[in-house]
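Reader: I'm new to this structure, and I'd like a close look at a single part of it. Could you walk me through the spaces inside and the residues around them?

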Amino acid sequence: GVRCFGSPRVLVEPDPAAGFAVMKMRNPPVNSLSLEFLTEMLISLEKLESDKAFHAIIITSDCPGIFSAGLDLTEMCGRDPTHYAEYWKAVQELWLRFYLSHLVVISAINGVSPAGGCLLALSSDYRVLADNPKYAIGLNETLLGIVAPFWFKDTLVNTVGHRVAERALQLGLLFPPAEALRVGVVDQVVPEDQVQSAAQSVLAQWLAVPGHARQLTKTLMRKPTADRLLKERDADIQNFVRFISRDAIQKALRAYLEKLKQKKS
C-alpha cells in the first residue's frame, strides 16, 4: 500500500516496513547520466536519506539489458565551458553523495555497466551482477580517448587493488561477469532473474549490523578518498573543462556520436 515516488527518469519503490527502497533508473535508451538525470537521482537520494524509515537503497535499472552506459556524451560535445563546468560538478556530486551516503547502498546490476555506470556501481557498498555473458562492467574511458579522473581511479583501486586497476584502466577493460567477480569489481554473480532477490538477501546482513557503528566505519574507510576530491574539486572541474574543450577531443566525441547515430539507423 506504500506509494512509489520519483521523477520522469527515476522511480523509487519504498518499503519502509523493511527499511529500504529500490531506486530504478529509467532514462532510456541506456540510462546515460545526463544533467537532468543526475539531478533527479540526487533529489531521490536526499529524500530517502532525510526519512528515518529508510536505512538502505538498492539501485537498479528499468531499461532492459543496460544498468547505465555512463556519462552523457551529448553534455560534453558542442557546448560552452560554463555548461561543461556545471555538468562535471553534478557528476562529482553524484559520486560524493552515493559514496559517502549513510544509507547502505547495494547495486543490483542487471545490464551492461561501462564507464560512469561502473563508477556508480563502485560507489555502492555491495554489487550483485546478473550472470549474462553480454553484461560487462568496467572503466573503459581510454577506448574513447578519454582519461578516467583521479577519483574514478581511486575508487577502482580501493575496490580491486592497484595492479588490477592499473591494467584495467590503461586497457579500458570491460569485465564479463565471471571475470568481474574474480578480480573483485563485483561481490556476487547470480542468475539474471535472481539479481533483485539476491540484493535483498544481502541487505539483511548489512542491516543486522548496528547502524551507527557501520556508518562510522564506512566514513573511516571512504572519507580520505572523498576528501581528496573535495580539496581539489575546482581544479578537477577546470581540468575537465580544459580537456573536453580541446579541438581533438571534440572531434573524437563528434565522430563517436555520429557512429552511434549510424548504428541506430
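Author: Here is a tour of the inner spaces, followed by the rings, helix and loop residues that go with them.

Some ground rules come before the tour. This is a predicted model, where local features need pLDDT of at least 70 and side-chain atom pairs count only at pLDDT 80 or more, while totals for chains, interfaces and linings use all residues. Residues are numbered from 1 along each chain as its sequence is written, and side-chain values use heavy atoms, with hydrogens and water left out.

Let's start with the closed spaces. The search runs on a 1 Å grid over the protein atoms alone; a cavity is a set of points where a 1.4 Å probe fits but cannot get out, a pocket is an open set with protein on both sides within 12 Å along at least five of seven lines, and lining residues have an atom within 4 Å of a point. Grid points are joined across faces, edges and corners, and a volume is the space filled by probe spheres set on the points. That rule gives 2 cavities of 30 Å³ or more, and the largest cavity comes out at about 60 Å³. Its lining includes Leu33, Leu38, Val91, Trp95 and Gly116. Helices and strands here are DSSP runs numbered from the N terminus (helices are H or I with at least four residues, strands are E with at least two). H2 and helix H3 (115–122) each give at least two residues to the lining of the largest cavity, and H2 has the largest share, with 4 residues.

Leu33 is a good one to zoom in on. Leu33 sits in strand E4 (residues 32–33). Buried means under 20% relative accessible area, exposed over 50%, and partly exposed in between (1.4 Å probe, protein chains only); at 2%, Leu33 counts as buried. The C-alpha atoms of Leu33 and Gly70 are 5.6 Å apart, although 37 residues separate the two along the chain. Contact means heavy atoms within 4.5 Å, and, leaving aside neighbours within four places in sequence, the contacts of Leu33 include Leu38, Gly70, Tyr87 and Gly116.

The loop leading up to that strand has a couple of quirks. Pro29 is in the loop between strand E3 (20–25) and E4, and a cis peptide bond joins Pro28 to Pro29, with omega about 5°. Asn31 is found in the loop between E3 and E4, with a positive phi near 50° in a residue other than glycine. Asn31 counts as buried, at 0% relative accessibility. Over in helix H3, Ala115 also has a positive phi near 50°, and its 10% relative accessibility makes it buried.

Now for the open space. The largest pocket has a volume of about 1300 Å³. Of the 42 residues lining the largest pocket, the closest to its centre are Ala69, Leu71, Leu73, Leu144 and Tyr256. Elements that each supply at least two lining residues include H3, H4 and H10, and H10 has the largest share, 6 residues.

H10 (residues 247–264) is also the place of Gln250, which counts as buried at 8% relative accessibility. Its side chain reaches the backbone oxygen of Met76 at 2.9 Å; a polar contact is a pair of N or O atoms within 3.5 Å, where within protein one must be able to donate a hydrogen and the other to accept it, and residues adjacent in sequence count only if both atoms are side-chain atoms. Beyond neighbours within four places in sequence, Gln250 is in contact with residues including Met76, Gly78 and Tyr84.

H4 has its own covered side. The buried residues of H4 include Trp151, Phe152 and Leu156, and their cover includes H2, H3 and H9. Just after H4, Gly161 takes a positive phi of about 95°.

Finally, the rings. Rings of Phe, Tyr and Trp (its six-membered ring) pair if their centres lie within 6.5 Å; planes under 30 degrees apart count as stacked, over 60 as edge-to-face and the rest as tilted. The whole structure has 7 aromatic pairs. Trp88 and Phe152 have ring centres 6.3 Å apart and planes at 10°, so they are stacked. That pair links H2 and H4, with Trp88 and Phe152 64 residues apart, and both residues are buried. Ring pairs also join Trp88, Trp95, Tyr99, Trp151, Phe152 and Phe240 into a cluster, and Trp95 is one of the residues lining the largest cavity.
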